[in-house]
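Welcome, and thanks for taking a look at this one. Please keep the sequence and the 3D view open side by side as you read the briefing.

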Amino acid sequence: MIRRGTGLWFATPALAVIAVFFFLPVAGALVLGFTDFDIYAIADLRNVRFVGLRNFQELLATPLFWRALGNTLYFAVVGVPLSMAASVGAALLLNSPLARLKSFYRTVLFAPVVTTLVAVALIWRYLLHTRYGLLNYGLGLAGISPIDWLGNPTTALPAIILFSVWKNFGYNMVIVLVALQQIPEDLYEAASLDGASAWQQFRHVTLPSLRPTLAFVGILTLAAYFQLFAEPYVMTQGGPAQSTLSILYFMYDEGFKWWNLGRASAVAFVLFLMMFAVTGFNAWLAQRRAA
Amino acid sequence: MAGLAVIRVAACALALAALVAGCGRAGEGTTLRFWAMGREAEVLAELMPEFERTHPGIHVRVEQLPWTAAHEKLLTAVAGDATPDLCQLGNTWLPELAALNALAPLEARIAASRGVPRADYFPGIWATNVIGGHVFGVPWYVDTRLLFYRRDLVAAAGYDHPPRTWDELKAEAAAVQARGHDAYGILLPLNEYEPLLAFGLQQREGLLREDNTRGNFSSAAFRRTLGFYVSMFKDGLAPPVSNSQIANVWTEFGRGYFAFYISGPWNIGEFNRRLPEALKGRWETAPLPGPEGPSASIAGGASLAVFRRSAHPDEAWQLVEYLSDPAVQARFHALTGDLPARRSAWSAPGIAADSHTAAFADQLERVKPTPPVPEWEEMMTEMRVVAEHVVRGDTSIEEGTAELDRRADRMLRKRRELVAEGHAP
Amino acid sequence: MNRRTRSIAVNGALALVALVTAFPLLWMVSASLMPAGMSANFPPPLWTTHPTLVHYRELFAHAGFGRHFVNSALIASGATLLALTLNVMAGYAFAKLDFPGRDRLHRVLVAGLVIPAQVAMLPLFLELKSIGLVDTLAGVLVPSLAGIFSIFLVRQAALSIPDELLDAARIDGASEWTIYRRIVLPLLTPMLVTLAVFTFLGAWNDFLWPLIILNDDDRYTLPVALASLSREHVQDSELMMAGSVVTVLPVLALFLGLQRYYLQGLMAGAVKG
């Protein structure tokens, strides 16, 4: 009854855009990764040559690459659980039957998510200032001497993690909140009849019910945290001592600062592998859950 | 139906915005896009009305590039075929853009013009604009790095003259620091490579070797330089911070948070403008201390370069001529403190009378250019990074310089290949 | 612990968390109104008794923020309109219209979801360079058009449209286009709004791609202009905070106005996965 061609008319514009502006460049990235495309090549295309796996070999021998990879993993491994904990904590508070003004609070806690990253990173840059920042002032009131948050290689990434938790926890909070509301009330009633404390109820009722949501949300957050870029770009420019240089920042520098497009494409490929591993893990989880 | 209303509102906003953007466009005539950096860009805006009045039909749009992002923006523009008509170009960046084939050769225009007499320029600076027999830039202002210091603090610490040698610099910085509270002797921002480069150029041995195709950072001379640089941090004389962590360099200099600062001539203007009246005459400049006495510094400065892709090269050249006029150069100096490239502009009363420029005149006699390779800026970034790691104790001077040579050799590989094939840019 | 103490604890904790969360945004507004240099003092002041709009005037009169604002608005609304047009049609086609290769294409798109957009950026730059779109507003919005995820969201929503409804219209002789306009679009309206808000916010807040593709100051979007300004004027914290307010306020307002749709979309995307 439906004319078979019509569907194609509807889908073609979007598919064409995706093919030309997404899949084609992705294929191009794969090719670029095996060339020595650099500024000499931009001056004269005859200066491009295929170099096989050299970009990848060199990448693995570049300490800065490992540094960037390490920083990115550190950011993700510490940042994701902290973000999730903040999300769950906030969601629990919001879900409490005793809480008032719920929708007001939900809006306030969610607000940082929609803000422009560059702008709010700037705010935090001032809040984290060693001498005039309010964070150190607050710590000073508690008797803690000033911390050079963004100037010290050991505290710069933690400071960015702190900022990221603030910026992002609202997103997962909303999802966790929905999951909390779907936990049947009688599970809690049964638990409290058994004399379970609030903590025991959380451990044995809430957490198990949340587990699928948390796994799913955690993996999405992980994938997002792998793409760290604008935060260090605005707050530290990758410093101090490259302690906040991320994989994506490294790719940006190689590619769009120094125009070593070949090497940058090799970095992009590594980023792709990381994402692939994470999503592959997610698919495996989903399958196991279904089984 | 709220949704459709939203989309309709969005569509209206879009139409409105397009309308506004359309109305914003200027009238007929030629519009020159001129890229300039930092303070120079702000001052240019003040100079342009007169140029536009004397050159009817030409409108100049000055765009300000932040110094820290200028280099990548220039390369991106070249890569994306989005270059402006002309720009202010640091002369260490000139070889790179010339290698990219992005700049228009100017020798024919210079020969035909009376506004740019070569004999009136500092020869050393002019030489940095000549690459492969072509002139790719006209020096606009000259620049080198030397010492800014608080004369009052140095005198209070018992010294009647600024330091001339590395040892004196450290001794005076230590003496000043010992008297201060919550203060340092010297500020060497970790995000700037220029102070270390300036010290490095003071050594007789070059920073690159083998026809500029390999790094020479492991040489005893550079290891000694790095050792001196790092010792100022190790001895606690310099805070291990970057510029952006000092909330405000001028305020902190005024407060005496540090007494020595290695910087360029633009800061004469900035300090004059931003330091409180009470500090007038209490700060001074001095030639950069050398290993054994007054020595070299960077042959810096900026040139005016016209891009090959410019659609209005004739108009762009007129602007170059205008900015090269000695009277305009003198005015430019008055506004920025930048030192004119034309010698005849140096006799202007504003320059001759300013005690702060004397040290620069002295230092400019002893400036050295950096190797003219396109990879230079990237290499300097690596040098800065490695130096920061040594300062923070992550690595030793021996390991750091060896690593720096490895990185330099890798960066220069393509250049080595092209040199071997006989067509290096 | 009785109910009353628990209630105080819960609400107190909520108020505290909300205060901490909102504090940076409130401080931004407050600092943007302070006289120049005031915030760089110790102890850091929280507000000023002499608020001034001088930094906003500076932004619009000298730093070109009026133009950046227009650019951001143009790009965000342009991206929204175009992406919506393309992806809603495609999503509907994948859900309700049969066409050759549909299932295979669907699988290809699913695979595409795994690839981070940044991988495509380097060659995309060269590609746009060859068609002359570098340093244009059109070049900025190109990547936001290719919305695989949006197609899937629309497809999810469209799957719930009963086939009988569409078939009845076909029997009445309506063309596929008419059916799409008259029946499908109205039914998908909530999803459309959600998608519009998402795309708009995404395009407005985007940073990396505009940073790469734009060169001319006059075409900068607000985030790129703000980052650029911050490199030059890092000492002028009050000015920078005014710039942040100008950048953040529109999206915050949009979110507050259409919160319901935004959160619904978020949950639809997340829960169905």
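A good place to begin is just past a helix of chain A: α12(A) is followed by W259(A), which has a positive phi, near 60°. Please bear in mind that this is a predicted model. From that helix we move to the contact between chains A and B, and then to the sheet and domains of chain B.

**Helix α12 of chain A**

- Helix α12 of chain A spans residues 247-257, and because 10 of its 11 residues are buried, the helix is largely enclosed by the rest of the structure.
- The buried residues include the aromatic-lettered positions Y249(A), F250(A), Y252(A) and F256(A), and D253(A) and E254(A) are buried too.
- Within chain A, the buried residues of α12(A) pack against α4 (63-95), α11 (230-235) and α13 (261-290).
- Other chains take part as well: the packing partners include α3 (67-79) of chain B, and α5 (117-130) and α10 (208-213) of chain C.

**Where chain A meets chain B**

- Here 21 residues of chain A are in contact with 24 residues of chain B.
- On the chain A side, the elements that give two or more residues are α2 (39-43) and α12 of chain A.
- The largest share of that side comes from α2(A), with 4 residues.
- By class, the side of chain A that touches chain B has 12 nonpolar, 5 polar and 4 charged residues.

**The sheet of chain B**

- In chain B, 6 strands make up an open sheet with mixed pairing, in the order β2-β1-β3-β14-β6-β15.
- Its edge strands are β2 (58-65) and β15 (339-340) of chain B, each of which pairs on one side only.
- Strands β1 (residues 30-37) and β3 (residues 86-90) of chain B pair in the parallel sense, over 2 bridges.
- If you would like a spot to zoom in on, C87(B) in β3(B) is the bridge partner of W35(B).
- Helix α2 of chain B, residues 38-54, lies across β1, β2 and β3 of chain B and runs at about 175° to β2(B).

**The two domains of chain B**

- The domain assignment gives domain 1 (30-144 + 299-353) and domain 2 (146-297 + 371-421) of chain B.
- Taken over C-alpha atoms, the centres of domain 1 and domain 2 of chain B are separated by 27 Å.
- Between them, 15 residues of domain 1 of chain B are in contact with 14 residues of domain 2 of chain B.
- Helix α4 (residues 94-99) of chain B gives the most to the domain 1 side, with 3 residues.
- That side of domain 1 of chain B divides into 5 nonpolar, 6 polar and 4 charged residues.

Notes. Residues numbered from 1 in each chain as written. Chains lettered and ligands numbered in written order. Predicted model: local features only at pLDDT ≥ 70, side-chain atom pairs only at ≥ 80, totals over all residues. Buried ≥ 20, exposed ≤ 12 C-beta atoms within 10 Å, placed from the backbone. Contact = placed C-beta atoms within 7 Å. Nonpolar A, V, L, I, M, F, W, Y, C, P; charged D, E, K, R; others polar. Pairing = 2+ DSSP bridges. Axes fitted to C-alpha atoms, helices over the stretch in contact; angles between N-to-C directions. Domains from an automatic or database assignment.
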